[in-house]
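Please open the structure in a viewer that allows selection by residue number. The tour below proceeds by stops, each with something to select and a description of what is found there.

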Amino acid sequence: MSFQCTEAEWKILEILWDASPRSMPEMTKLLAPSTGWTRHTVITLLKRMQEKGTVSVDETGPVKMYTPLVSREEARADQTQKLLSRVYSGNASLLMNALIDSGKITVKEMEELVKTLKSEGKA
């Protein structure tokens, strides 16, 4: 599944992936300390996300409840592929080299990656 997702929308998806469904007031309360967003901002983002098909809303109860329509794994895979294509011309080794050169990947993380690749027969 390919979808467009802004950084702000990703923040909402993160809290919905952690637990859902959630109400708009609950999301606003969780997001306000780190973002400063008001309920109006969250409402606007949720409406946009509904239009894009990334969240659904259940209006049957006393409060609207929101659920993500894309899984965290699908979203990560989609965004990773877009990053690889856009920034690294589809070359994953260039991404890995950039992570290593910048110190953004630890030796332990590299060992885990090699272990995963070996266990899946890809190394």
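**The sheet**

Begin by selecting the strands of this predicted model. There are three of them, arranged as an open sheet in the order E1-E3-E2, with antiparallel pairing. Strand E1 (22-23) and strand E2 (55-58) are the edge strands, each of them paired on one side only.

Next, select E2 together with strand E3 (residues 65-68): four bridges link them in the antiparallel sense. The two strands form a hairpin, and six residues lie between them. Two partnerships may be displayed here. Serine 56 has threonine 67 of E3 as its bridge partner, and valine 55 stands opposite proline 68 in E3.

Now move to the other pairing. E1 and E3 run antiparallel and are joined by two bridges. For arginine 22, the bridge partner in E3 is tyrosine 66.

Keep E3 selected and show its side chains. Which residues belong to the covered face of E3, and which to the uncovered one? Tyr66 and Pro68 make up the covered face, whereas Met65 and Thr67 make up the uncovered one.

**Helices on the sheet**

Add H1 to the selection. This helix lies across E1, E2 and E3, and runs at about 95 degrees to E3. Then add H3, which also packs on the sheet: H3 touches E2 and E3, and its direction makes about 110 degrees with that of E2.

**Where two helices meet**

Hide the strands and select H2 and H3. These helices pack at an angle of about 120 degrees, their axes being 9 Å apart. The crossing of H2 past H3 is right-handed. To see the contact itself, display Met24, Met27, Thr28 and Leu31 in H2, which meet Arg39, Val42, Ile43 and Leu46 in H3. Sorted by class, this contact of H2 with H3 consists of six nonpolar residues, one polar and one charged.

Centre the view on valine 42. Which residues does valine 42 contact, its neighbours within four places in sequence left aside? They are Ile12, Met24, Met27, Thr28, Leu31 and Trp37.

**The nonpolar core**

In soluble globular proteins, nonpolar side chains tend to be buried together. To view such a group here, select Ile12, Leu13, Met27, Leu31, Val42, Leu46 and Tyr66, the residues with the most contacts inside the largest nonpolar core, which has 19 residues. Helix H1 (7-18), helix H2 (24-35) and helix H3 (39-52) each supply at least two residues of this core. The largest share, five residues, comes from H1.

**Two residues to compare**

Select threonine 54, in the loop between H3 and E2. Is threonine 54 buried or exposed? Its relative accessible area is 3%, below the 20% cut-off, and threonine 54 is therefore classed as buried. Apart from residues up to four places away in sequence, threonine 54 touches Phe3, Leu13, Met49, Thr67, Pro68, Leu69 and Val70.

Then select valine 57, which lies in strand E2. Valine 57 has a relative accessibility of 21% and counts as partly exposed, because that class covers values from the 20% limit for burial up to 50%. With residues up to four places away in sequence not counted, valine 57 touches Gln50, Lys64, Met65 and Tyr66. For a distance across the model, draw a line from valine 57 to leucine 99: the C-alpha atoms are 38 Å apart in space, and the residues are 42 apart in sequence.

**Backbone details in two loops**

Go to proline 21, found in the loop between H1 and E1. Display the peptide bond that joins serine 20 and proline 21: this bond is cis, with omega of about 5 degrees.

The last stop is serine 89, in the loop between helix H4 (72-88) and helix H5 (92-102). Its phi is near 50 degrees, a positive value in a residue other than glycine. Serine 89 is exposed, since its relative accessible area of 68% is over the 50% cut-off.

Terms used: Residues are numbered from 1 along each chain as its sequence is written. This is a predicted model: local features need pLDDT of at least 70, side-chain atom pairs count only at pLDDT 80 or more; totals for chains, interfaces and linings use all residues. Side-chain values use heavy atoms; hydrogens and water are left out. A nonpolar core is a set of buried Ala, Val, Leu, Ile, Met, Phe, Trp, Tyr and Cys residues joined through side-chain atoms within 4.5 Å. Buried means under 20% relative accessible area, exposed over 50%, partly exposed in between (1.4 Å probe, protein chains only). Contact means heavy atoms within 4.5 Å. Two strands pair if DSSP finds at least two bridges between them. Axes are lines fitted to C-alpha atoms, for helices over the stretch in contact, and angles run from 0 to 180 degrees between N-to-C directions. A crossing is left-handed if the near helix is turned anticlockwise from the far one by less than a right angle, and right-handed if clockwise. Ala, Val, Leu, Ile, Met, Phe, Trp, Tyr, Cys and Pro count as nonpolar, Asp, Glu, Lys and Arg as charged, and the others, Gly among them, as polar.
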